[in-house]
Amino acid sequence: MSDYNLLIDGKMVPGDLTMPVLNPATEDVLAQCPRASKQQLDQAVAAAKAAFPAWAATPIEERRKLVIKMAEAIEANGNELARILTSEQGKPLADATGEVMGMAAFFRYLGSLDLPMRVVENSGDRRVEAYRRPLGVVGAIIPWNYPLLILSFKLPSVLLAGNTLVVKPAPTTPLSTLRFAELVQDILPKGVLNVIADANDLGDHMTKHPDIRKISFTGSTATGQKVMASAAQTLKRITLELGGNDAGIVLDDVDPKKVAPGIFEGAFQNSGQVCLAIKRLYVHESVYDEICNELVAIAKNTVVDDGSKQGTKLGPLQNKMQYEKVKAFLEDAHKNGNVIAGGSAMDRPGYFIEPTLVRDIKEGSRLVDEEQFGPVLPIIKYSDNEDVIRRANATNYGLGASVWSSDTARAHKIASRIEAGTVWINKHLDMAPNIPFGGAKQSGIGTEFAEEGLAEFTQLQIINAPPA
Ligand code: NAD
C-alpha cells in the first residue's frame, strides 16, 4: 500500500499500476508510486470537463479566494513538502524549502491578478468590448528539476482564469506533487484539479486528447516538438517552456572577485539542472585567467552531498538517465578542453558528479554546442565584443543570457542584441511572478507568469454591439 494516491474527480485513488520512485542520493526506493492507466487519464479529463461549466461560472473573486487558500495550505505544510522534494529530487533541503516557499509566493501573486473587460471602442458607430474567457480543460506537463515551482508557474493562473486542470508530473519526481494534491483536494470543487502520474507513457495520449483545450508544457525541446505535433491534430493552444544553452558574457572591465560568486551560482544552482542556468561562459581574454581561478576556488569549497545533510550545497543529478548523459559530457570535456575543477562522477552510491570547470574549450565541442543540464561549465575565451555577440547567438536556443560588466550602460547595449527571452545584467536566474518569462527561438512558444501568462490561459472574445 502506497502513501501516495492520484487525484481524480475529487478523490485520492490508487493507480491501476505502480512504479518505484528512487532517492537519487542513495538509489533506494522511496515509495511505490501510483501510476495511471490510460483509462484513469481519461477519467481525469472527463472529471475536469464535467467540472468546467460550474467553475467557469464561479466569480473570479471566489476562485481567487480558493487559490489563496491553496497558498496557505502550501505554507502550513512547507516542511513536509520540502522533505519529500529533497528525497525525490535530490536538492539540498534549504533549496527545497526555498522552492516550496517560492511556490506559495507564485500562488499568492498570480492569484491576485485580474482579467478586466476592456472597452476597445465606444463611439457613435459601435461599442466594442474585449473579454477574456476560460478555455476549458488544461493539461499541465511538468519536468523533474523544479517539480513544485514549475507547477506553481501554471496552476494558479489556469484556475484563476476559470479553467479546470489535469496535471502530470515527471515520472521520477511525482511524490511531492501527489502530496500537494492531497493537501489541497478539499479546497476545490471536485474535478477542478486532477493529478495523475505516468511512466513517460501518457504524454502522447494527453497531448492528443480531444477534450483538452490547452497544453502548458515545460521540458526539453525534443519533447516540446512532439507536444506541438500532437496538439496540432485538435489545434490545441500550447505554451512551451523548453531547453536552453544560456551564454554568460563577461566583459573586460569586471572585478573577477566580485562577479565570480554570482556566475558560479548562475551555472551550478540545482547542480546545473536549471533551464536558465549559465551553460556557456564567455570571458574576455584580459580577465580569463582570473575568472577561471576564482571559479575554481569556489568549486573546490562547494560541498556536494546528500541534500538531506546539513551543509550540502549541491545534491546529486536527479535521475540515472541524466547522470549518464552528463558523464558523456565529462568525456567530451576531457577530450576538448582543460578540466580545472572536478571532472568525474563521485565514487559513491547516488548520481553525484563533481562541480566541473573546463577551460580552453571552444564551439564544435558537445559541451559548448549542446545543453548539458548538469554541473559542468565550459569557459570560453573571446577578444572582441562583436564576435562574442555573434557566438552567443549562434544557437537554436534563446531562453536566457547574462552580461557582466562594471558599466551597466555598456552591458545594456550588448544585452539588447542577444536573441533570448530574458537577459540579465550582473546577475542570472532572478525570476519573480510579476516578470513575464518565455523563450526565443527553439526555447519555447508563449509566455508564463504576470498578466501576459494569465492571458494565455484565456480565449479573447470580442462583443461588438451598436452604440449604447
Ligand atoms: P522531458 O522533455 O524529458 O520531460 C518533461 C515532461 O514531459 C515529463 O513530465 C515527461 O513525462 C513528459 N513527456 C515525455 N514524453 C512526452 C510526450 N511524448 N508528450 C508529452 N509529454 C511527454 O524533460 P526533462 O528531462 O524532464 O526536463 C529537462 C528539460 O526541461 C531541459 O531541456 C530543460 O532545459 C527543460 N526545462 C525548461 C524549463 C523552461 O521553463 N523553459 C524549465 C525546466 C526545464
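In this predicted model, an N or O atom in the side chain of Ser-220 lies 2.8 Å from an oxygen atom of the ligand. Glu-371 also reaches the ligand through its side chain, where an N or O atom is 2.6 Å from a ligand oxygen atom. A third side chain, that of Lys-168, places a polar atom 2.9 Å from an oxygen atom of the ligand. The surroundings of the ligand comprise 29 residues, and those that come nearest are Asn-200, Ser-220, Thr-223, Leu-242 and Glu-371. Ser-220 and Glu-371 thus appear both in this nearest group and in the side-chain approaches described above.

The helix packing may be followed next, starting from helix α3. Two packed helices are described by the angle between their axes and the distance between the axes. For helix α3, residues 78-89, and helix α4, residues 93-111, the angle is about 125° and the axes are 8 Å apart. An angle over 145 degrees would count as roughly antiparallel; α3 and α4 are therefore classed as oblique to each other. The crossing of α3 past α4 is right-handed. On the α3 side, the contact is formed by Gly-78, Leu-81, Ala-82, Arg-83, Leu-85 and Thr-86, which meet Leu-93, Ala-96, Thr-97, Glu-99, Val-100 and Met-101 of α4. By class, 7 of the residues in this contact of α3 with α4 are nonpolar, 3 are polar and 2 are charged.

Helix α3 also packs against helix α6, residues 175-184: their axes come within 8 Å and cross at roughly 160°. These two helices are therefore roughly antiparallel to each other. From α3, the contact draws on Glu-80, Leu-81, Ile-84, Leu-85 and Glu-88, while α6 supplies Leu-175, Ser-176, Arg-179, Phe-180 and Leu-183. The contact of α3 with α6 has 6 nonpolar, 1 polar and 3 charged residues. Leu-81 and Leu-85 of α3 take part in the contact with α4 and also in the contact with α6.

Helix α4 has a further partner in helix α2, residues 60-76, with an angle of about 165° between the two and their axes 9 Å apart. That angle makes α2 roughly antiparallel to α4. The crossing here is left-handed, whereas α3 passes α4 in a right-handed one. Residues Arg-64, Val-67, Ile-68, Met-70, Ala-71, Glu-72, Ile-74 and Glu-75 of α2 meet Val-100, Met-101, Met-103, Ala-104, Phe-107, Arg-108 and Gly-111 of α4. The contact of α2 with α4 divides into 10 nonpolar, 1 polar and 4 charged residues. Val-100 and Met-101 of α4 belong to this contact with α2 and to the contact with α3.

Methods. Residues are numbered from 1 along each chain as its sequence is written. This is a predicted model: local features need pLDDT of at least 70, side-chain atom pairs count only at pLDDT 80 or more; totals for chains, interfaces and linings use all residues. Side-chain values use heavy atoms; hydrogens and water are left out. Axes are lines fitted to C-alpha atoms, for helices over the stretch in contact, and angles run from 0 to 180 degrees between N-to-C directions. Helices (H or I, at least four residues) and strands (E, at least two) are DSSP runs, numbered from the N terminus. Angles under 35 degrees count as roughly parallel, over 145 as roughly antiparallel, 65 to 115 as roughly perpendicular and the rest as oblique. A crossing is left-handed if the near helix is turned anticlockwise from the far one by less than a right angle, and right-handed if clockwise. Contact means heavy atoms within 4.5 Å. Ala, Val, Leu, Ile, Met, Phe, Trp, Tyr, Cys and Pro count as nonpolar, Asp, Glu, Lys and Arg as charged, and the others, Gly among them, as polar. A residue is near a molecule or strand if one of its heavy atoms lies within 4 Å of it. A polar contact is a pair of N or O atoms within 3.5 Å; within protein, one must be able to donate a hydrogen and the other to accept it, and residues adjacent in sequence count only if both atoms are side-chain atoms.
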